[in-house]
Amino acid sequence: MSVYLHHVRVQVKPAEPFERPHRPHHATARADVSTPPFTLPSGHFTSLMNSLAFPRCPSPLTPASIPVPSARIKIRRSRRAGAANHHLSQRSSSRIVAMAAAAPASSVKEVLPSPLTSASEPPSLFDGTTRLYVAYHCPYAQRAWIARNCKGLQDKIKIVAIDLADRPAWYKEKVYPENKVPSLEHNNQVKGESLDLVKYIDSNFEGPSLLPDDSAKKQFAEELLAYTDEFNKALYSSIVSKGDVSQETIAALDKIEAALGKFSDGPFFLGQFSLVDIAYVPFIERFQIFFSNIKNYDITKSRPNLQKFIEEVNKIDAYTQTKQEPQLLLEHTKKRLGIA
């Protein structure tokens, strides 16, 4: 029987590459299966990723030779659309940042370790301890971190933070040759790729299930997971452009608004909180801040489902304990983009 968990800060430093967009792969003993390169037109998005406040988990958009696939999501008309037909007033930038920072205090705050640097000694690797390697500011690592918290695995999966601006050589040599985060050391193997890790943590550890039993919801979950990279690309493009928010960005946000209205039994993508929400929320968190302050554009305006999603997810401790300081993300991003 599936059970849903309806509840259950940090340093920003200069930039490096992100995790590539999600591609399934199999676990290896201390190594990952290599995958084909991933292409975007003109290399524009490589520089983009290296310009934002979270570009230090290896780059999802590195030069390559295949186009981004267009994921098709079939969405029924929102059942809540009629009841929620209201327009949100335009907020000031400071209010958006304050709202993004607002989160209920957790009853128990996890004490997080300091990031390891090139001067740090490695932990006792492959000693039976399960370790999740993260960079606190990385949205891809945040996915796996949220999943670990949702399952209540704080005592079973140890967080190891890596300073990707000064990463230790042993991380690539002895832990994860891809040299990016997140990665999971478990049962003498190291696994990577954020969406794979979310699924792996859900399937291989005790705790509340992150997927429902309902077959229709499972199918929709796979469609939404396949769309994550296309969604992120559509929104990143407007952040670095000098013009207005693009129609591509607006269409992507509208698709998310519609997806959030597909099921009427809760405010999340599958109704109740699931691994789909875990996949999207680290990026939505950042996009809300960046678009409001850099583009003077409120991503929730005239999107009540998205507004409700943000409000409700900020009541979930498993997520809020992984959040970054919005002002730090914003200031770093503006500096990287040369915005006063």
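Student: Which residue of β2 is the bridge partner of valine 134?
Tutor: In this predicted model, valine 134 has alanine 161 of β2 as its bridge partner.

Student: What makes β1 and β2 count as paired strands?
Tutor: Two strands pair if there are at least two bridges between them. β1 and β2 are joined by four bridges, and the two strands run parallel. The requirement is met, so β1 and β2 are a pair.

Student: What makes β2 and β4 edge strands?
Tutor: The sheet is open and has four strands, in the order β2-β1-β3-β4, with mixed pairing. β2 (158-161) and β4 each have a single partner strand, so one side of each has no neighbour in the sheet. From one strand to the next, the twist averages 25°.

Student: Which helix packs on this sheet, touching β1 and β2?
Tutor: That helix is α3, and its direction makes about 145° with that of β1.

Student: What makes β3 and β4 a pair?
Tutor: The test is again at least two bridges. Four bridges join β3 to β4, and these strands run antiparallel. One of the partnerships is that of glutamate 185 with valine 190 in β4. The two strands form a hairpin with two residues between them, and in its turn asparagine 187 has a positive phi of about 55°.

Student: Why are α3 and α5 called roughly parallel?
Tutor: Angles under 35 degrees count as roughly parallel. α3 and α5 pack at about 5°, their axes being 8 Å apart. The angle is under the cut-off, and therefore the two helices are roughly parallel to each other.

Student: Which residues of α3 and α5 meet?
Tutor: From α3 come Tyr140, Arg143, Ala144, Ala147 and Arg148; from α5 come Ser194, Leu195, Leu197, Val198 and Ile201. By class, this contact has seven nonpolar, one polar and two charged residues.

Student: Why is α5 said to be largely enclosed by the rest of the structure?
Tutor: Eight of the eleven residues of α5 (residues 194-204) are buried, and so the helix is described as largely enclosed. Among the buried residues are Asp196, Tyr200 and Asp202. The buried residues of α5 pack against α3, β3, β4, α6 (215-240) and α8.

Student: What is the angle between α8 and α9, and why does it earn the name roughly perpendicular?
Tutor: The axes of α8 and α9 (residues 304-313) cross at roughly 105° and come within 11 Å. Angles of 65 to 115 degrees count as roughly perpendicular, so α8 and α9 fit that name. In this contact, Asp277, Val281, Ile284 and Gln288 of α8 meet Leu306, Phe309, Ile310 and Val313 of α9. The residues of the contact divide into six nonpolar, one polar and one charged.

Student: Which residues have the most contacts inside the largest nonpolar core?
Tutor: They are Phe231, Phe269, Tyr280, Leu306 and Phe309, in a core of 81 residues. Helix α8 (residues 275-294) gives the most to this core, with 13 residues. Leaving aside neighbours within four places in sequence, tyrosine 280 is in contact with Leu224, Tyr227, Thr228, Phe231, Ile256 and Phe269.

Student: Why is phenylalanine 126 called buried?
Tutor: Buried means under 20% relative accessible area. Phenylalanine 126 has 14%, so the residue is buried. Phenylalanine 126 lies in the loop between α2 (93-101) and β1 (131-134).

Student: Where is serine 114, and what makes it exposed?
Tutor: Serine 114 lies in the loop between α2 and β1. Exposed means over 50%, and serine 114 has 60% relative accessibility, so the residue counts as exposed. Serine 114 is 48 residues from isoleucine 162 in sequence and 8.4 Å from it in space, C-alpha to C-alpha.

Student: Why is serine 302 called partly exposed?
Tutor: The name covers values between the 20% and 50% cut-offs. Serine 302 has a relative accessible area of 36%, so the residue is partly exposed. Serine 302 lies in the loop between α8 and α9.

Student: What makes the phi of serine 302 worth a remark?
Tutor: Most residues other than glycine have a negative phi. The phi of serine 302 is near 65°, a positive value. Phenylalanine 126 has a positive phi too, near 55°.

Student: What is the omega of the peptide bond from valine 181 to proline 182?
Tutor: Omega is near 5°, and the bond is cis. Most peptide bonds are trans. Proline 182 is found in the loop between α4 (169-175) and β3 (183-186).

Terms used: Residues are numbered from 1 along each chain as its sequence is written. This is a predicted model: local features need pLDDT of at least 70, side-chain atom pairs count only at pLDDT 80 or more; totals for chains, interfaces and linings use all residues. Side-chain values use heavy atoms; hydrogens and water are left out. A nonpolar core is a set of buried Ala, Val, Leu, Ile, Met, Phe, Trp, Tyr and Cys residues joined through side-chain atoms within 4.5 Å. Buried means under 20% relative accessible area, exposed over 50%, partly exposed in between (1.4 Å probe, protein chains only). Contact means heavy atoms within 4.5 Å. Axes are lines fitted to C-alpha atoms, for helices over the stretch in contact, and angles run from 0 to 180 degrees between N-to-C directions. Angles under 35 degrees count as roughly parallel, over 145 as roughly antiparallel, 65 to 115 as roughly perpendicular and the rest as oblique. Ala, Val, Leu, Ile, Met, Phe, Trp, Tyr, Cys and Pro count as nonpolar, Asp, Glu, Lys and Arg as charged, and the others, Gly among them, as polar.
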